[in-house]
Structures are given as structure tokens and as C-alpha cells.
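Me: I'd like some help reading ring contacts and pockets in a model. Can we go through one together?

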Amino acid sequence: MSPLKIDRRKFIKGGTALMALGSVGVPAMGLQARKASYKVGLIGTGWYGKSDLFRLIQVAEVEVLALADPDQKLLDEAAKLVSQRQSSGKTPQTYNHYRQMLDAHELDIVLVGSPDHWHALQAIDAIHAGAHVYLQKPISVDVIEGEAILAAARKYNKVVQIGTQRRSTPHLVEAKKNIVDEGLLGKVSHAEMCCYYHMRANGSPEVQPVPDFFDYDLWVGPGPMRPFDGLPHRRWWRTMMEYSNGITGDMCVHMFDAVRWTLGLGWPKSVFATGGIYVQKGGKSTIADTQTATFHYDDLDCVWTHRSWGTAQDPEYPWAYKIYGDKGTLKASVMKYEFIPQGGGEPIRGDVVYEREKYPEDLNEKDIELHAAPATRDHMRDFLMAIEQGGRPVADIEEGHISTASCILANISMELGRPLAYDPDKMIVRDDAEATRLLRRPYRAPFQHPDPRSV
């Protein structure tokens with residue numbers, strides 16, 4: 001399979017210079033009325049690709065023109081569901097290769113919900129085609145890919161919102177505003193993040209023929225070719241470092257991003273991690289089942305721990321972050337938050353927001369995360385506001401890059417066994433040529449790794 005050539009449109013639609021919006025993800029102002037629907041395309045029609053698209057349909061007037069996926073069965077199912085969801089009732093056109101879709105349509109917005117190893121090429125190609133992009137996390141599988149997406153977004157003046165929707169989660173926005181921003185924590189010098197879900201798919205399925213409805217060569221794309229041992233959708237590809245960043249890239253990126261947003265943090269000074277496959281040694285999975293990573297700042301350590309075995313340290317917060325100040329502690333998860341003042345006093349609590357009555361269709365959507373739907377809707381509103389008002393969204397590509405790259409650096413540190421200090425200006429790991437080489441993964445021929453200096 002050779003990548004299709006795409007004609008890059010010389011005319012790049014888009015407006016004014018990007019300006020910083022507020023740091024809170026829920027838009028304070030309503031969206032401006034548009035005379036026409038947004039023309040939308042989706043790359044990757046699996047579980048979360050469809051979920052993101054349905055949330056967009058719920059909050060904006062859109063016309064979903066096209067879908068792209070190497071799995072024809074997923075494509076056909078998604079096209080039918082979209083026709084039932086969008087107000088026009090039209091069925092979007094379907095494409096095996098996303099570049100065919102980009103060539104055939106002038107799209108305002110492209111959603112990228114494909115596996116991680118495709119994110120960079122697809123996001124950059126969508127930007128080249130003139131679209132604003134909603135890109136799922138982690139944004140890349142290597143650090144230089146992330147630098148290239150960021151460079152393309154800035155060069156072509158496109159809004160890129162990353163699917164780190166904790167920044168738009170109503171109860172977490174509330175906790176940031178009423179507790180952290182009001183100074184109730186005092187001086188913060190430690191944060192903990194964790195995931196204890198038993199989410200590491202493992203096993204030893206036999207190699208089998210590729211079904212005729214699935215273009216496996218296209219699905220693998222720039223990644224390394226593994227023998228086909230079943231459809232890789234949902235959980236299986238995430239258990240392979242060949243196509244992902246492991247549990248740290250999947251789950252830590254959310255919680256570390258939330259901590260950075262809550263505390264106003266940028267790049268960590270250094271990253272150090274240990275871990276590996278300590279317990280679940282059988283099967284084909286290549287991601288770590290155990291990992292601890294420290295993201296170091298001046299007078300502050302943000303420490304991540306995951307185990308895909310055993311029990312959670314705090315069963316009420318199995319996937320969460322906890323921020324420690326000298327005046328109190330904030331515990332937060334996708335379901336709730338709790339502020340515990342130092343030395344007594346009444347705790348402050350908040351719970352997840354559901355919108356079942358306002359959006360009753362949520363109740364009939366297969367595999368929907370009801371707790372995350374309101375957050376994603378607000379995230380989409382923030383994305384659209386940035387497009388319409390000429391600003392940067394709350395989960396701007398630069399923020400997504402910092403969070404993603406930091407998690408990738410944790411994986412590299414774990415592999416090399418030493419701390420790493422990344423220099424984003426020079427795009428190197430300081431004083432570490434071996435680690436610098438690992439910032440860029442090799443691509444399978446004939447795919448070309450994007451270069452941030454020539455996007």
C-alpha cells in the first residue's frame with residue numbers, strides 16, 4: 001500500500017491571529033450564530049471517534065459529509081448512525097483512506113479518532129487541507145510528531161483542540177475555580193496521579209487471515225507490521241507499544257494534563273520513571289503493567305503510578321489526581337472531588353454532572369460514557385468558540401503536546417533507567433544523545449515522518 005498523494009490547498013481558510021482564551025474550559029459566552037453548517041469529516045469510526053462526533057452534533061449545526069476508516073464494517077455502521085443523528089438525515093460518504101476524504105471535500109472540521117500511531121499524519125494532513133482539528137489524545141506516539149503537529153497548527157493558523165476533556169469537566173472546573181484559584185490549598189508542593197484499572201488486554205491469539213472487509217496494511221500505516229491476530233479495535237492495539245504509549249500515554253495523559261491545567265504548569269524540568277512488565281508476563285502485550293513516573297518542577301513533584309493488577313490504593317479514587325497543599329488536600333476524579341482542609345474544618349465536595357434529561361438520546365447510545373458526555377460537549381463548545389472568535393481552545397495543541405510528550409518521556413526514561421530533561425526549543429533531551437534519538441520513532445516505508453521544521 002502506497003500512501004495516496006494529497007493536493008495541499010494553497011488557500012488556507014481561517015481567520016485572525018490566535019489569542020489566548022480563559023483557562024477555564026466551559027465557555028462563558030454563547031456561540032455566535034452561523035449562516036451555514038460546519039462541514040465535518042471523521043477519521044476513525046470506532047468507539048470514541050463516533051462518541052466525539054455525536055457530542056459535536058449535539059451542540060452545533062453541522063453537516064457530516066464524510067467518514068474514513070480501513071474497516072468497512074465500522075464505516076457502514078457509523079454512516080447509518082450518523083444519518084439517524086444529524087438533522088439533515090443524510091448519510092455521509094465513506095472512504096477507506098482518509099486522504100481520499102480530504103481530497104474530495106472542503107471540510108471546516110476534521111475529528112481524528114484513530115489509533116495513536118496515525119494521529120500525527122492525519123492531523124497534519126487535515127490542517128494542510130484547510131480544516132480545524134479535534135484530535136484525540138495522546139496526540140502522538142513520539143515527541144517529534146507532537147512538535148510537527150504544533151508547528152503545522154501555528155503555521156496554517158488552525159485551531160486544534162485535544163480530547164483531554166478534564167479541562168472541560170464541570171465538577172473539575174468548579175474545583176479549580178472555587179478551591180485552587182481561591183488559594184484554599186495554600187502552597188502546593190506535591191501531586192499524585194494514579195490508575196489502578198485492570199485495563200491491560202493480554203493473551204496469545206493465533207495468527208489468522210485478514211478479513212476481506214478490513215485493510216490491515218492501511219490500518220498499520222506508519223507503524224511496524226505485526227502478524228494479524230484478530231481485529232485490533234478497542235483494547236488490543238492499546239496493549240501494544242508498537243501502536244500506543246501504553247497506560248501512561250492513555251490514562252496518565254488525562255490526569256497529568258488536569259494537574260497541569262489546575263496548577264498552571266508548563267513543561268516539567270525533568271522526568272524519571274521506573275516500571276515494566278512485573279506481574280502479567282504471559283501473553284503478547286508489550287506495555288508495562290506497572291509504572292511510576294515523577295514529573296519534576298521547582299519545589300513540586302507530580303508523581304504518576306499505575307498497576308493493571310492488584311487493588312487500588314484508594315478504592316474511591318482508582319483513576320484520579322490528588323493535589324497536596326500546606327492548607328489542605330484536593331482529591332479529584334472523573335466522578336467527584338473532595339477538598340479536605342488541613343487541621344479540621346468542613347470538607348467541600350462536588351459530584352459529576354449528568355445531562356440525561358437535556359440529552360435523552362445519550363441513554364440509548366451504545367457504550368457511551370455518561371459521566372464524560374457533558375465534559376465532551378463543553379469541550380466541543382470551547383473548540384467552536386475558538387474557531388469563531390479567533391482564539392486558542394482550553395486544550396490547545398501546545399497543551400496537549402506538553403502532556404503527551406511528558407508521558408512519552410516517562411516511557412523513554414523507564415527504558416533507559418535515568419532522568420530526562422527535554423528542551424522544547426532545541427527539540428533534544430539535554431546532554432543525552434541516546435534519549436534524543438528515541439524522540440523520533442522509525443516509520444514503516446514508504447511513510448515519511450513529519451518534520452516540525454518543514455510542515
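Reply: Sure. Let's begin with a charge over a ring: Arg 377 lies over the face of Tyr 359, 3.9 Å from the ring centre. Keep in mind that this is a predicted model.

Me: Which residue lies over the face of Trp 309?

Reply: That's Arg 307, at 5.2 Å from the ring centre of Trp 309.

Me: How many aromatic pairs are there?

Reply: The count comes to 12 aromatic pairs. Take Trp 47 and Tyr 48: their centres are 4.9 Å apart and their planes meet at 90 degrees, an edge-to-face pair.

Me: Is Tyr 48 buried or exposed, and why?

Reply: Buried means under 20% relative accessible area. Tyr 48 has 18% relative accessibility, so it counts as buried. Trp 47 is at 29%, so that residue counts as partly exposed.

Me: Why is the pair of Tyr 134 and Phe 383 edge-to-face?

Reply: Planes over 60 degrees apart count as edge-to-face. Here the planes are at 65 degrees, with the ring centres 5.9 Å apart, so the pair fits that class. This contact links distant parts of the chain, with Tyr 134 in strand β6 and Phe 383 in helix α9, 249 residues apart. Both Tyr 134 and Phe 383 are buried.

Me: Which residues form one aromatic cluster?

Reply: Phe 214, Tyr 216, Trp 219, Phe 228 and Tyr 243.

Me: Now the second largest pocket: what lines it?

Reply: There are 23 lining residues, and among those nearest the centre are Met 241 and Arg 441. α10 gives the most to this lining, with five residues. By class, the lining has 11 nonpolar, eight polar and four charged residues. The space in this pocket is about 390 Å³.

Definitions and conventions: Residues are numbered from 1 along each chain as its sequence is written. This is a predicted model: local features need pLDDT of at least 70, side-chain atom pairs count only at pLDDT 80 or more; totals for chains, interfaces and linings use all residues. Side-chain values use heavy atoms; hydrogens and water are left out. On a 1 Å grid over the protein atoms alone, a cavity is a set of points where a 1.4 Å probe fits but cannot get out, and a pocket is an open set with protein on both sides within 12 Å along at least five of seven lines; lining residues have an atom within 4 Å of a point. Grid points are joined across faces, edges and corners, and a volume is the space filled by probe spheres set on the points. Helices (H or I, at least four residues) and strands (E, at least two) are DSSP runs, numbered from the N terminus. Ala, Val, Leu, Ile, Met, Phe, Trp, Tyr, Cys and Pro count as nonpolar, Asp, Glu, Lys and Arg as charged, and the others, Gly among them, as polar. Rings of Phe, Tyr and Trp (its six-membered ring) pair if their centres lie within 6.5 Å; planes under 30 degrees apart count as stacked, over 60 as edge-to-face and the rest as tilted. Buried means under 20% relative accessible area, exposed over 50%, partly exposed in between (1.4 Å probe, protein chains only). A charge sits over a ring if NZ of Lys or CZ of Arg is within 6 Å of the ring centre and within 35 degrees of the ring normal.
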